[in-house]
Amino acid sequence: MSTPRALRRLPLNVAATVTVVVCLFPVYWMVTTAFKPSRDIQSENPQLLPQSWTLDHFRRAIDADGFALFWRNSVLVTLGAVALALLVALGASFAVARMRWRGRRQFMLMVFVAQMAPWESLIIPVYIISRDTGMLDRLPTLTLVYFMMTLPFTIVVLRGFIATIPAELEESAQVDGCTRAGAFRHIAFPLLAPGLMATSLFGYITAWNEFAYANFLIIKEQDHRTLPVWLSSFHNTFGTDWGATMAASTLFALPALAIFLLLQRHVTSGFAAGAVKG
């Protein structure tokens, strides 16, 4: 019985393996190129593994103008957008999942529409509004834009997590003397850890990687730009410094990888089982 089952699963396993290889190979090539000497990068016969290793590209990337400043800008904008999205979405998702009020379905429909809308199509309206209100070339403008980009998804996900937690847990706490807000804070909120982690990770990756708005809304104040824009600084009149570009891209990807490795255990944990155990 086990052999036919293994044969039936073989195409799925092969497809999964091919998908993983196709997705990971560009990342592997980026990292290995960052460690290759320039002569090997420009070689007519590229090698999967570097023949020799060098850190010169990383030194050039770190010593590039604006590295530390743009890194700080990206951290401030990303953390600010994620914190705002979690704060607003937590209240909105609780109201949708736990309360019954007129227009609740219409509100969620608008949230889904906002989630499906391509944000690239809004660059020109956002630019015009920012220009007319004097908000161009400011980091708070980027923070608000990224907050709006991540808010719909955060509301949808947190609503699903809150709806999964039995309302009877909060009602029992209210019978024991807790207020509605107190019951949510002490009972439901601790069980939302997987949802908070998942939405934080999504918001972080979205804000950290965004390039278009950072490039169009920060025009004159070059010191207010973020790391994705900084990556384009390795192109000059003589061409692209591929070694430094790959090293800078590796450094740029490291925080996202570290955050994912830190949060993935919480994201994949069984929040429904945790609610029952509580």
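**Stop 1: a charged pair in α3**

Select Arg59 to begin: this residue is partly exposed, with a relative accessible area of 46%. Keep in mind as you look around that you have a predicted model on your screen. Now add Asp56 to your selection. Arg59 and Asp56 form a salt bridge, and their closest N and O atoms are 2.6 Å apart. Asp56 is partly exposed too, at 41% relative accessible area. Why do these two sit about one helical turn from each other? Both belong to helix α3, which covers residues 56–62, and they are 3 residues apart, so about one helical turn separates them. As a general point, side chains of opposite charge can pair when their charged atoms come close.

**Stop 2: a detour to a loop**

Step back along the chain to Glu44, in the loop between α2 (38–41) and α3. Is Glu44 buried or exposed? With a relative accessible area of 78%, Glu44 is exposed. Next, keep Glu44 selected and add Ala173. These residues are 129 places apart along the chain, and 70 Å lies between their C-alpha atoms.

**Stop 3: the outside of α1**

Go to helix α1, residues 2–35, and pick out Val14. Val14 is partly exposed, at 45% relative accessible area. Now select Leu7, Leu10, Val18 and Val22 along with Val14: together they make a nonpolar surface patch of about 460 Å². Show the surface here if your viewer can do it.

**Stop 4: the largest nonpolar core**

Time to go inside. In soluble globular proteins, nonpolar side chains tend to be buried together. The largest nonpolar core in this model has 61 residues, and the members touching the most others are Leu142, Tyr146, Leu192, Tyr213 and Trp230. Which helix gives the most to this core? Colour α4 (residues 67–98), which contributes 13 residues, the most of any. Then zoom in on Tyr146. Leaving aside residues up to four places away in sequence, Tyr146 touches Val77, Ala81, Ala207, Glu210, Tyr213 and Ala214.

**Stop 5: the loop before α6**

Move on to Pro118, in the loop between α5 (104–116) and α6. Pro118 is partly exposed, with 48% relative accessible area. Add Met149 to the view: although 31 residues separate Pro118 and Met149 in sequence, their C-alpha atoms are 9.7 Å apart in space.

**Stop 6: the two sides of α6**

Select helix α6, residues 123–132. Which of its residues are buried? Colour Ile123, Val126 and Ser130, for these are the buried ones. Look down the axis of α6: its buried residues fall within an arc of 70°, so they line one face of the helix. On the face turned away from that buried side, you will find the exposed residues Ile124, Ile129 and Asp132.

What do the buried residues of α6 pack against? Show α7 (139–164) and α11 (212–217), their packing partners. For a closer look, centre on Ser130, which counts as buried at 6% relative accessibility. Beyond residues up to four places away in sequence, Ser130 touches Met135, Leu136, Thr141 and Leu217.

At the end of this helix, select Arg131 and Asp132. They form a salt bridge whose closest N and O atoms are 3.2 Å apart. Asp132 is exposed at 55% relative accessible area, while Arg131 is partly exposed at 45%. The model's count of salt bridges is 2, and you have visited the pair Asp56 and Arg59 and the pair Asp132 and Arg131.

**Stop 7: the stretch after α6**

Just after α6 comes Gly134, which takes a positive phi of about 70°. Follow the chain to Leu136, in the loop between α6 and α7. Leu136 is buried, with a relative accessible area of 18%. Setting aside residues up to four places away in sequence, Leu136 touches Tyr127, Ser130, Arg131 and Leu217. Add Lys220 as well: Leu136 and Lys220 are 84 residues apart along the chain, yet their C-alpha atoms are separated by 8.7 Å.

The last selection is Asp137, also in the loop between α6 and α7. Most residues other than glycine have a negative phi. Asp137, however, has a positive phi near 60°. Asp137 is buried, with a relative accessible area of 11%.

Definitions and conventions:
Residues numbered from 1 in each chain as written. Predicted model: local features only at pLDDT ≥ 70, side-chain atom pairs only at ≥ 80, totals over all residues. Heavy atoms only, no water. Patch = residues over 30% accessible without salt bridge, like charges linked within 9 Å, V, L, I, M, F, W, Y side chains within 5 Å. Areas by Shrake-Rupley, 256 points an atom, 1.4 Å probe, with all protein chains shown as cover. Salt bridge = Lys/Arg side-chain N within 4 Å of Asp/Glu carboxyl O. Helix = DSSP H or I, 4+ residues; strand = E, 2+ residues; numbered from the N terminus. Buried < 20%, exposed > 50% of the residue type's maximum accessible area, 1.4 Å probe, protein only. Core = buried A, V, L, I, M, F, W, Y, C linked by side-chain atoms within 4.5 Å. Contact = heavy atoms within 4.5 Å. Arc of directions from axis to C-beta.
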